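Work through the three exercises below with the model open. Each task is followed by its solution in steps.

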Amino acid sequence: MAQDTPETGAKIYETGKVTEGVWPPPSPDTALMTKAIQIKKLVKQYKKVTAVNDISLEVYEGEIFGFLGPNGAGKTTTIKTLLGLIFPTAGEVLVLGKPAGNIEVKEKISYLPESPYFYEHMTASEVVGFYGSLFGLSGAAKNKRVDELLELVGLQGTGKKTLRSFSKGMLQRVGIAQSLINDPKLLFFDEPTSGLDPVAHRDIRDLILHLKAEGRTIFLSSHQLSDVELVCDRVSILHGGKIRRLGHVDELIAGGHVEVIAEHVKATDTQMAALKDMTSKVETLGETLSITTHASTDDKNKVLDWVRATGGNVLSMTQTRRTLEDLFYEVVHQGEMETGTAFAVPATSESMEVKP
Ligand SMILES: Nc1ncnc2c1ncn2[C@@H]1O[C@H](COP(=O)(O)OP(=O)(O)OP(=O)(O)O)[C@@H](O)[C@H]1O
Ligand SMILES: [Mg+2]
């Protein structure tokens with residue numbers, strides 16, 4: 001459990017390993033962290049469509065950065081700009097400290113596209129070997145690297161099987177293996193787990209964590225929010241070409257509200273009206289109340305005072321927590337309301353019932 005004072009020698013559990021260390025870990029000083037990606041006021045206009053509309057963000061070396069947003073938000077456009085495949089209409093994009101598209105940078109990065117296409121008549125080792133040749137590998141060194149990568153992604157032993165007979169999960173693994181052929185420092189994964197079954201999903205997720213543990217930086221675009229929540233250090237949520245949220249996953253999904261359960265409350269109508277005015281949500285079940293309010297000390301104290309003034313007892317006080325999916329929905333819904341493109345879909349419990 002997290003504590004206020006760092007505790008030296010505490011056990012830190014990370015991806016199944018137990019190490020001695022300081023808990024909670026000190027907040028990273030971002031000013032000292034090396035920037036793998038710097039996007040400054042990026043705009044990308046396609047004729048009438050502004051696919052990316054003035055976005056700025058930084059990704060630090062060694063982190064997994066989740067790049068989220070609904071269909072058409074501008075994720076792939078941004079990634080293609082970072083890869084130097086398309087050019088910004090305005091703004092600046094630096095990758096590993098150099099302008100996107102720089103040839104030295106291209107040698108140190110790799111890209112797994114949304115729908116990778118491979119020649120179906122080739123075997124996994126032929127495909128990965130082909131990409132190895134493009135990076136100047138040959139002979140025994142190439143074969144060794146190909147074998148290592150196929151083993152890493154779980155495709156060892158596929159031998160003479162051609163990609164025509166591969167499942168979607170297997171093809172995705174081929175894609176990841178080819179993306180690692182140049183031992184990249186920075187990887188761009190565009191939807192690496194889309195359409196995979198839960199087992200393949202988990203394997204790829206673990207593989208992404210493994211790549212981070214090797215010190216690589218991963219820029220991950222995904223609609224699989226549960227994966228993102230589990231693997232990403234920070235995320236941004238894009239909508240309509242603009243960044244709507246940016247930050248550490250834990251901070252973004254921290255509820256910001258508390259739920260107080262109080263019993264034996266005997267409140268007058270005036271007292272009830274006063275409570276509803278000062279809180280976000282009140283539900284009553286006889287003399288038991290569920291009261292949701294902002295998590296500030298002041299707001300919590302107001303509720304405690306109110307409960308005591310009505311002769312009640314506080315049974316529990318719990319900080320509410322959203323999922324990344326709740327937050328995503330909220331952001332997209334807000335964006336759609338602003339742009340007038342909202343569907344008539346009910347909001348999540350938090351966004352609908354709790355006043356901002
Ligand atoms: N080559 C292009 N020409 C014109 N418009 C484009 C082009 N590429 C993308 N767009 C438009 O730019 C916007 C952003 O598209 P983009 O592919 O970046 O979205 P995305 O976030 O990757 O979406 P998805 O989740 O569906 O992959 C969309 O409105 C799209 O139609
Ligand atoms: Mg896309």
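**Exercise 1.** In this predicted model, classify how α3 and α4 are oriented to each other.

*Solution.*
- Locate the helices: α3 covers residues 124–134 and α4 covers residues 139–152.
- Take the geometry. The packing angle is about 125 degrees, and the axes lie 9 Å apart.
- Apply the cut-offs: 65 to 115 degrees is roughly perpendicular, and over 145 is roughly antiparallel.
- The two helices are therefore oblique to each other.
- Add the handedness: the crossing of α3 past α4 is right-handed.
- List the contacts. From α3 come Ala-124, Ser-125, Val-128, Gly-129, Gly-132 and Ser-133; from α4 come Lys-142, Arg-145, Val-146, Leu-149 and Leu-150.
- Sort these contact residues: five are nonpolar, four polar and two charged.

**Exercise 2.** Determine which element gives the most residues to the shell around ligand 1.

*Solution.*
- Collect the shell. Among its residues are Tyr-46, Val-49, Ala-51, Lys-75, Thr-76, Thr-77 and Glu-114.
- Keep the elements that supply two or more residues: β4 (49–60) and α1 (75–82).
- α1 gives the most, with three residues.
- Check the chemistry of the shell: four residues are nonpolar, six polar and two charged.

**Exercise 3.** Decide whether Thr-50 counts as buried, partly exposed or exposed.

*Solution.*
- Place the residue: Thr-50 sits in strand β4.
- Count 17 C-beta neighbours inside 10 Å.
- Buried needs 20 or more, and exposed needs 12 or fewer.
- Thr-50 therefore counts as partly exposed.
- Look beyond four places in sequence: Thr-50 touches Val-43, Gln-45 and Gly-241.
- Compare sequence with space. Gly-240 is 190 residues away along the chain, yet its C-alpha atom is 8.3 Å from that of Thr-50.

Key:
Residues numbered from 1 in each chain as written. Chains lettered and ligands numbered in written order. Predicted model: local features only at pLDDT ≥ 70, side-chain atom pairs only at ≥ 80, totals over all residues. Axes fitted to C-alpha atoms, helices over the stretch in contact; angles between N-to-C directions. Helix = DSSP H or I, 4+ residues; strand = E, 2+ residues; numbered from the N terminus. Parallel < 35°, antiparallel > 145°, perpendicular 65-115°, else oblique. Left-handed = near helix turned anticlockwise from the far one by under 90°. Contact = placed C-beta atoms within 7 Å. Nonpolar A, V, L, I, M, F, W, Y, C, P; charged D, E, K, R; others polar. Near = placed C-beta within 6 Å.
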